[in-house]
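Open the model in your viewer and keep the selection box handy. We will go from stop to stop, with a note on what to select at each.

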Amino acid sequence: MDLRNKIAIVTGASSGLGVSFSSKLIEKGVKVYGLARRLSKLQEIQSHLGDQFIPVEMDITLHEKIDQWVDSTFSEDHLPQILINNAGLGYFGNIEDLTIEEWNRMIQTNLNGVFYITRKTVPLMKLDEETSHILNIASVAGLIGNPQISGYNATKFGLRGFSEALFKELRYDKIKVTTLFPGSIATHFFDNAGGVDTHSNMLQPDDVANTLIHLLETPDNFLINEITMRPLNPKNPDEI
Ligand SMILES: NC(=O)c1ccc[n+]([C@@H]2O[C@H](COP(=O)([O-])OP(=O)(O)OC[C@H]3O[C@@H](n4cnc5c(N)ncnc54)[C@H](OP(=O)(O)O)[C@@H]3O)[C@@H](O)[C@H]2O)c1
């Protein structure tokens with residue numbers, strides 16, 4: 001895809017990966033609708049990225065709000081070609097300590113929210129004669145189960161299944177679907193998740209964003225449907 005003058009929706013644009021994705025897309029000439037709950041953060045990001053970044057205060061777990069926003073923002077003359085399902089969170093800990101609220105919040109954000117926005121965006125993408133692309137941010141936790149992350153594992157394994165099915169469902173509509181499986185990234189993700197200190201050997205958000213740009217820029221009939229990224233040496237340099 002030639003990214004110039006394309007329109008993207010990036011969920012979770014107020015922090016971490018979402019900021020890097022938005023920034024790299026804008027450098028390539030894309031107009032970005034950045035969705036997140038914290039409007040003040042989005043506005044601060046707009047002051048750095050400029051008017052091609054459009055802040056949208058949105059809780060992706062609220063399907064009626066998503067329906068209203070998509071219906072009032074897009075039309076046949078203004079179609080999104082790129083959807084980045086990035087918003088997500090994790091709560092880590094032993095199963096007996098994981099609360100029902102934490103479990104539900106992970107399911108609502110990492111799975112339901114992805115469904116709510118994807119189901120509204122796909123019909124618009126189907127109207128486009130050009131290729132569109134949906135990129136779902138999973139995690140290596142969508143490939144490998146590990147102690148203390150069972151709930152998060154469940155959502156990211158679920159996202160993998162959702163993505164693989166969609167890739168097969170939408171390929172003949174010229175809509176690409178790619179799932180990204182990154183290892184640990186140095187973002188605010190661990191403020192919630194707990195149990196891990198960020199460090200310089202983690203993946204850096206801008207490097208993940210460069211890979212995302214590469215995925216988007218592949219030729220129209222060339223699809224990378226899954227990609228795994230890891231730090232070569234994952235150990236905290238302060239603890240080696
Ligand atoms: N960091 C890692 O090690 C890592 C590794 C693999 C995969 N991932 C995945 O990467 C994605 C991005 O995470 P990150 O590392 O960039 O973490 P982050 O810095 O904590 O960012 C998470 C983003 O999600 C948004 N968000 C959370 N709940 C939301 C909701 N209900 N509605 C709308 N936005 C919501 C947050 O915005 P508001 O709070 O403003 O709503 C924030 O912008 C997630 O899906 C995560 O699972 C992260």
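**First stop: a loop residue**

Select Q148: with 17 C-beta neighbours inside 10 Å, this residue counts as partly exposed. The cut-offs, with C-beta atoms placed from the backbone, are these: 20 or more other C-beta atoms within 10 Å of a residue's own make it buried, 12 or fewer make it exposed, and anything in between is partly exposed. Q148 sits in the loop between β5 (132–137) and α5 (150–170). Helices (H or I, at least four residues) and strands (E, at least two) are DSSP runs, numbered from the N terminus. Check the backbone of Q148 too: its phi is near 70°, a positive value in a residue other than glycine. Most residues other than glycine have a negative phi.

Before moving on, note that this is a predicted model, in which local features need pLDDT of at least 70 and side-chain atom pairs count only at pLDDT 80 or more, while totals for chains, interfaces and linings use all residues. Residues are numbered from 1 along each chain as its sequence is written.

**A second positive phi**

Now pick K174, in the loop between α5 and β6 (175–182). K174 is not a glycine, yet its phi is positive, about 60°. With 16 other C-beta atoms within 10 Å, K174 is partly exposed.

**Around the ligand**

Select the ligand and the residues near it (C-beta atom, placed from the backbone, within 6 Å). You should find 32 residues surrounding the ligand, the closest being G12, G16, R37, R38 and G88. Which elements each supply at least two residues of this shell? They are α1 (16–27), β2 (31–36) and α4 (100–127). The largest share, three residues, comes from α1. By class, the shell has 12 nonpolar, 16 polar and four charged residues. Here Ala, Val, Leu, Ile, Met, Phe, Trp, Tyr, Cys and Pro count as nonpolar, Asp, Glu, Lys and Arg as charged, and the others, Gly among them, as polar.

**α1 against α7**

Keep α1 and add helix α7 (residues 205–217): the two pack at an angle of about 50°, with their axes 8 Å apart. Axes are lines fitted to C-alpha atoms, for helices over the stretch in contact, and angles run from 0 to 180 degrees between N-to-C directions. α1 and α7 are therefore oblique to each other; angles under 35 degrees count as roughly parallel, over 145 as roughly antiparallel, 65 to 115 as roughly perpendicular and the rest as oblique. On the α1 side, colour G16, L17, S20, F21 and K24; on the α7 side, the contact residues include P205, D206 and V208. Contact means C-beta atoms, placed from the backbone, within 7 Å. Seven nonpolar, three polar and two charged residues make up this contact.

**α3 beside α4**

Next, show α3 (residues 63–73) with α4: their axes come within 9 Å and cross at roughly 25°. That makes α3 roughly parallel to α4. H63, I66, D67 and V70 of α3 meet Y116, I117, K120 and T121 of α4.

**Last stop: V30**

Finish in the loop between α1 and β2, where V30 is found. Is V30 buried or exposed? It counts as buried, with 24 C-beta neighbours inside 10 Å. Leaving aside residues up to four places away in sequence, V30 touches L3, K6, A8, L25 and I82. Draw a C-alpha to C-alpha distance from V30 to L3: they are 27 residues apart in sequence and 6.1 Å apart in space.

Conventions
Contact = placed C-beta atoms within 7 Å.
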